[in-house]
Amino acid sequence: MSLAGLNNLYREVILDHSEHPHHKHSLPNATNKITLKNPTCGDVINLEIEVSDEKIADIGFTGEGCTISQSSASMMTDAVIGKSINESLEMAHIFSDMVMGKKHSETDLTKLGDAAILSSVMQFPARIKCATLCWWALRKSLGEEDDD
Ligand code: ZN
């Protein structure tokens, strides 16, 4: 895909995460696992989480996909590691609202860390599923029902 048109700094951060993804490995002690696919692009994510004391003690992902899907998963794992399940699910909802162009506060965006940069994918509607795939994997692996 072409990232032309994105702010240069944003583009660099996205490319850096996709070329050197954080937490890209499987977890031998995972308590929650899920595989999700985005058929429109061919992205596949295997998300593994070690939940302990209602917290995300560790998280890792494997799989393959486009720049956006890989960098989004890298940014997500950075953002949610060490957080409680409730906080992580709240972040997933903020992210989803953000890329769909719904209203969100600056405070909410700050919680997302680098992942907030992906708000720029709103410019590329075909890429929204690439960006949200890992967050859906998080929600489903933590037992959240489909509600939106
Ligand atoms: Zn993709």
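Trainee: What pattern does the chain follow when read along the sequence?

Mentor: Good place to begin! Keep in mind that this is a predicted model. Going along the sequence, you meet α-β-β-β-α-α-α-α. In total the chain holds five helices and three strands.

Trainee: How compact is the chain for its length?

Mentor: For that, we compare the radius of gyration with what the globule rule gives. Here the radius is 14 Å, close to the 15 Å that the rule gives for 148 residues, so the chain is as compact as a globular protein of that length. Its C-alpha trace spans about 45 × 30 × 25 Å along the principal axes.

Trainee: What share of the residues counts as buried?

Mentor: A residue counts as buried when its relative accessible area is under 20%. In this chain, 46% of the 148 residues meet that mark. As for the outside, the chain exposes about 7400 Å², and carbon and sulfur atoms supply 49% of that area.

Trainee: Now the strands. In what order do they lie in the sheet?

Mentor: To read a sheet, look for which strand sits beside which. This one is open, with the order β1-β2-β3 and antiparallel pairing. The strands β1 (32-38) and β3 (55-64) stand at the edges with a single partner each, so one side of each has no neighbour in the sheet. Neighbouring strands are turned by 20° against each other on average, direction ignored.

Trainee: How many bridges join β2 to β3?

Mentor: Nine bridges join β3 to β2, which covers residues 43-52, and the two strands run antiparallel. To see a place where residues face each other, find Ser52, which stands opposite Lys55 in β3.

Trainee: Which helix packs on the sheet?

Mentor: That is α2, residues 67-80, which touches β2 and β3. The direction of α2 makes about 170° with that of β3.

Trainee: And the metal? Which residues are the protein donors of the zinc ion?

Mentor: For a metal site, list the donor atoms and then find where they sit in the chain. The zinc ion has SG donors from Cys41, Cys66 and Cys130, while Asp43 is listed twice with OD; these donors lie 2.2 to 2.7 Å from the ion. Along the chain, their spacing is C-x1-D-x22-C-x63-C. Distant parts of the chain are linked by Cys66, in the loop between β3 and α2, and Cys130, in helix α5 (residues 128-141), which are 64 residues apart.

Trainee: Are Cys66 and Cys130 buried or exposed?

Mentor: Both Cys66 and Cys130 are buried.

Note on methods: Residues numbered from 1 in each chain as written. Predicted model: local features only at pLDDT ≥ 70, side-chain atom pairs only at ≥ 80, totals over all residues. Heavy atoms only, no water. Pairing = 2+ DSSP bridges. Helix = DSSP H or I, 4+ residues; strand = E, 2+ residues; numbered from the N terminus. Axes fitted to C-alpha atoms, helices over the stretch in contact; angles between N-to-C directions. Contact = heavy atoms within 4.5 Å. Rg over C-alpha atoms; globule rule 2.2 N^0.38 Å. Buried < 20%, exposed > 50% of the residue type's maximum accessible area, 1.4 Å probe, protein only. Areas by Shrake-Rupley, 256 points an atom, 1.4 Å probe, with all protein chains shown as cover. Donors = N, O, S within 2.8 Å, 3.2 Å for Na, K, Ca; no water.
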